[in-house]
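Biologist: I would like a close look at a single part of what is shown below, taken slowly and with the reasoning left in. Please keep to one chain for the most part, and turn to its partner where that helps.

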Amino acid sequence: MTELERALLRLGDELAFPETPDLAQVVLGRIGAVPRRRWPLPSRRMLAVAFVVLLVAFGAIMAVPAARTAILDFFGLRGATVQRVETLPAVPRVPAATARALELGTPVSTPKFAGLLVPEALGAPDAVYFSPAVPGGKVSLVYEPGGGVPVSQHTGVGILVTEFRGDIEFRFVEKWVAGSTSVERLTVDGSPGLWVEGGPHFVLFRTEDGEFGEDSARLAGNTLLVERGSLLVRIEGDIDRERAVAIAESLEP
Amino acid sequence: MGDRPLADDDLVAQAKQGDTRAYGTLVEEHQTIAFRTAYLITGSAADAEDAVQEAFVKAHRALGRFRPGAPFRPWLLSIVANEARNRRRSAGRRERLALRAAEDPLSGGAVPSPEAALLDAERREELLVAVNDLREDDRLAIACRYFLGLSEEETAATLDWRRGTVKSRTSRALDRLRERLGVEV
């Protein structure tokens, strides 16, 4: 060992590492107290995808005038796009009481959705909805507030997990962000994802007739979008990035 | 099991059988090296804590895939480092490593030798600055090998490099430090 190496070893002893937090309890809490519930295996029928909903995305963007002029940045994942615009269109906030009925579809007990994932970190959802309104269908897992998760002013629930078929070759979720809202690229278990945080952002779902109509648009809070296999998973709630990533990482078939 | 602390192998085997207390022991035994590894990568105690917590949860989930008899520490550290890198990428910043205030300055009176000169507080600070200024790969190689005391193999597993890469980057980093410090060693 050279003199320099010895000096480096000594230096290591002198480094001001922060005190190690005691993690055993919190880790054991997370691995030991996770309720597990599995749905019966989803039907393996191939999803009949009606491509009548195909529409050129640009046409859809034009449908909401306020964002027409300045699309500044573009972030893409399969099945979703996030656009940075100068200003968000004026959309009335969805009253919490009606938010659940909005966009989610029909309540179901056993969603017929190939490859459905459930976040074990959250356990069994309080309600499940299925909507055929987007190509390949859309499943929404609704979690009530609790466990440190407040009610979201944008959805009226705690956490909303939405799953789409992300392998279908066109965009059916659009998000527009503006101002202080930040968009970060990240990876979750090796899969690409986007974290949208800060001010509310504008989210649009393509509807059966193929348009991103204002009827289907609403403001959304902090959201993680992540690809998992053939699915695009969207996790929305008044939670921070770490929590959202932990939820995404716990997604299991 | 008597007073003898259980080896990692035994604890891992028990944890695989669903013994969460055994896993808790593994967490306690490895959390310091895991936290320091994550801290060296993220430069943030908060991010490091998150990364390590997440890594332990993931490692537990992946225990079924852990090869019996393989060393647990490098396997764990590879998960920790991956989590830490993800957070660092998201945060897009790195704080500088800091020295603890020298509690016990070098004893005076000794005849200054080249070694003593290197260990002098001022030189230590200079060395730290030089390490902080290294390119990221070099800095991590130095940090893993000398600050965390990881073997070449463990460093390779942690940073997901080949062992030869660890060797070459460490050697390159040492050369750069020598150049920077004007040390003829």
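Modeller: A word on burial has to come before the rest: a residue counts as buried if 20 or more other C-beta atoms lie within 10 Å of its own, as exposed if there are 12 or fewer, and as partly exposed in between. The model is a predicted one, and the part I will follow is chain B, which has nine helices and zero strands. Read along its sequence, chain B therefore gives the pattern α-α-α-α-α-α-α-α-α. Of the 185 residues in chain B, 40% are buried, and among its contacts with a separation of 6 or more, 63% join residues 24 or more positions apart. For chain A, which has five helices and 15 strands, the corresponding values are 39% buried out of 253 residues and 64% of such contacts between residues 24 or more positions apart.

Let me begin at helix 1 of chain B, residues 8-16, whose buried residues are L11(B), V12(B) and A15(B). Because these residues cover an arc of only 100 degrees around the axis, they lie on the same side of helix 1 of chain B. After helix 1 of chain B comes G18(B), with a positive phi near 100 degrees. One of those buried residues, V12(B), leads on to T25(B), since the C-alpha atoms of T25(B) and V12(B) are 9.8 Å apart although 13 residues separate them along the chain. T25(B) itself belongs to helix 2 of chain B, and because 19 other C-beta atoms lie within 10 Å, T25(B) is classed as partly exposed. The cut-off matters here, because a residue needs 20 or more such atoms to be called buried.

Further along the sequence, helix 7 (136-147) of chain B and helix 8 (residues 152-159) of chain B pack with their axes 9 Å apart and at an angle of about 135 degrees. That angle makes helix 7 of chain B oblique to helix 8 of chain B, and their crossing is right-handed. From helix 7 of chain B the contact draws on L140(B), A141(B), C144(B) and R145(B), and from helix 8 of chain B on T155(B), T158(B) and L159(B). By class, these residues are four nonpolar, two polar and one charged.

R145(B), in helix 7 of chain B, deserves a closer look. With 24 other C-beta atoms within 10 Å, R145(B) is buried. Apart from neighbours within four places in sequence, R145(B) is in contact with L150(B), T155(B) and T170(B). The C-alpha atoms of R145(B) and T170(B), which stand 25 residues apart along the chain, are separated by 8.1 Å.

Between helix 8 and helix 9 of chain B there is a loop that holds D160(B). This residue is exposed, with 11 other C-beta atoms within 10 Å, and its phi is positive, near 60 degrees, in a residue other than glycine. Such a value stands out because most residues other than glycine have a negative phi. Chain A offers a parallel case in D189(A), which is not a glycine and yet has a positive phi of about 55 degrees. D189(A) sits in the loop between strand 9 (182-188) and strand 10 (191-197) of chain A, and with 15 C-beta neighbours inside 10 Å it counts as partly exposed.

Beyond that loop in chain B comes helix 9, residues 163-181, whose axis comes within 10 Å of that of helix 6 of chain B, residues 121-133, the two crossing at roughly 130 degrees. Helix 6 of chain B and helix 9 of chain B are therefore oblique to each other, and this crossing is right-handed. On the helix 6 side of chain B, the contact is made by E126(B), L127(B), A130(B) and V131(B), and on the helix 9 side of chain B by L177(B), R180(B) and L181(B). The classes in this contact are five nonpolar, no polar and two charged residues.

What remains is the partner chain, for 42 residues of chain B are in contact with 32 residues of chain A. Among the elements of chain B that each supply at least two residues to this side are helix 2 (20-42), helix 3 (45-61), helix 4 (72-91), helix 6, helix 7 and helix 9. Sorted by class, the side of chain B that touches chain A has 23 nonpolar, eight polar and 11 charged residues.

Key: Residues numbered from 1 in each chain as written. Chains lettered and ligands numbered in written order. Predicted model: local features only at pLDDT ≥ 70, side-chain atom pairs only at ≥ 80, totals over all residues. Axes fitted to C-alpha atoms, helices over the stretch in contact; angles between N-to-C directions. Helix = DSSP H or I, 4+ residues; strand = E, 2+ residues; numbered from the N terminus. Parallel < 35°, antiparallel > 145°, perpendicular 65-115°, else oblique. Left-handed = near helix turned anticlockwise from the far one by under 90°. Contact = placed C-beta atoms within 7 Å. Nonpolar A, V, L, I, M, F, W, Y, C, P; charged D, E, K, R; others polar. Arc of directions from axis to C-beta.
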